[in-house]
Amino acid sequence: LERADDKSMDNLMMVKTYNPMIVLICSIFLGSLGVDRFLIGDTGLGVCKLLFGWLTFGIWPLVDIFFSYKSAKEKNLFNLLSVLR
């Protein structure tokens, strides 16, 4: 970051990041509707979770509570690294 020019720093400031705590809270309360997946940009998985999550008898939304926090952090890292390259 110390060697980055002004344009790179401006691009870095404009990167869309997701708050992992908000994603976690949405996953806990609205996870069965796929809101957590929609929030981090996984639209396809959000639609699948919305339509077919009930077929797993609530296991998919329950497991996704644990993975949503990590997924939001990984998306943030990927977005930041893609701007720095």
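## Overall shape

A compact globule of 85 residues would have a radius of gyration near 12 Å, but this chain has 16 Å. The model is a predicted one. Along its principal axes, the C-alpha trace spans about 50 × 20 × 15 Å.

The fold is built from helices. There are five of them, and zero strands. Read along the sequence, the pattern is α-α-α-α-α. Helix 2 covers 20-30. Helix 3 takes in residues 35-39, and helix 4 residues 43-52. Helix 5 runs over residues 59-84.

## Burial, contacts and surface

Of the 85 residues in the chain, 29% are buried. Contacts across the sequence are well represented. Among contacts with a separation of 6 or more, 55% join residues 24 or more positions apart.

The accessible surface comes to about 6200 Å². Carbon and sulfur atoms supply 69% of that area. The chain carries 9 positive and 8 negative charges. The mean positions of the two sets lie 6 Å apart.

## Salt bridges between elements

The whole structure holds six salt bridges. One of them pairs Asp36 with Lys49, with the closest N and O atoms 2.9 Å apart. Asp36 lies in helix 3 and Lys49 in helix 4, so this pair ties together parts that are 13 residues apart in sequence. Are these two partners buried or exposed? Asp36 is buried, and Lys49 is buried too.

A further salt bridge joins the side chains of Asp42 and Lys75, at 2.8 Å from N to O. Asp42 sits in the loop between helix 3 and helix 4, while Lys75 belongs to helix 5, so the bridge ties together parts that are 33 residues apart in sequence. Asp42 has a relative accessibility of 16% and therefore counts as buried. Lys75 has a relative accessible area of 26%, so this residue is partly exposed.

## A bridge within helix 5, and a network

Glu74 and Lys70 also form a salt bridge. Their closest N and O atoms are 3.9 Å apart, and the cut-off for a salt bridge is 4 Å. How are the two residues placed in helix 5? They are four residues apart there, so about one helical turn separates them. Glu74 is partly exposed at 45% relative accessibility. Lys70, at 49%, also counts as partly exposed. Exposed residues must have over 50%.

Which residues are joined into one network by salt bridges that share partners? The members are Asp36, Arg37, Asp42, Lys49, Asp64 and Lys75. Two pairs described above belong here: Asp36 with Lys49, and Asp42 with Lys75.

## The loop at Ser32

Ser32 is placed in the loop between helix 2 and helix 3. Its relative accessible area is 47%, so Ser32 is partly exposed.

What does Ser32 touch, leaving aside its neighbours within four places in sequence? Its contacts are Lys49, Leu50 and Pro61. Lys49 thus appears again: this residue is in contact with Ser32 and forms a salt bridge with Asp36. Ser32 can also be placed relative to Gly46. The two are 14 residues apart in sequence, and their C-alpha atoms are 9.5 Å apart in space.

How values were computed:
Residues numbered from 1 in each chain as written. Predicted model: local features only at pLDDT ≥ 70, side-chain atom pairs only at ≥ 80, totals over all residues. Heavy atoms only, no water. Rg over C-alpha atoms; globule rule 2.2 N^0.38 Å. Buried < 20%, exposed > 50% of the residue type's maximum accessible area, 1.4 Å probe, protein only. Contact = heavy atoms within 4.5 Å. Areas by Shrake-Rupley, 256 points an atom, 1.4 Å probe, with all protein chains shown as cover. Lys, Arg positive; Asp, Glu negative; His and termini not counted. Charge placed at Lys NZ, Arg CZ, Asp CG, Glu CD.
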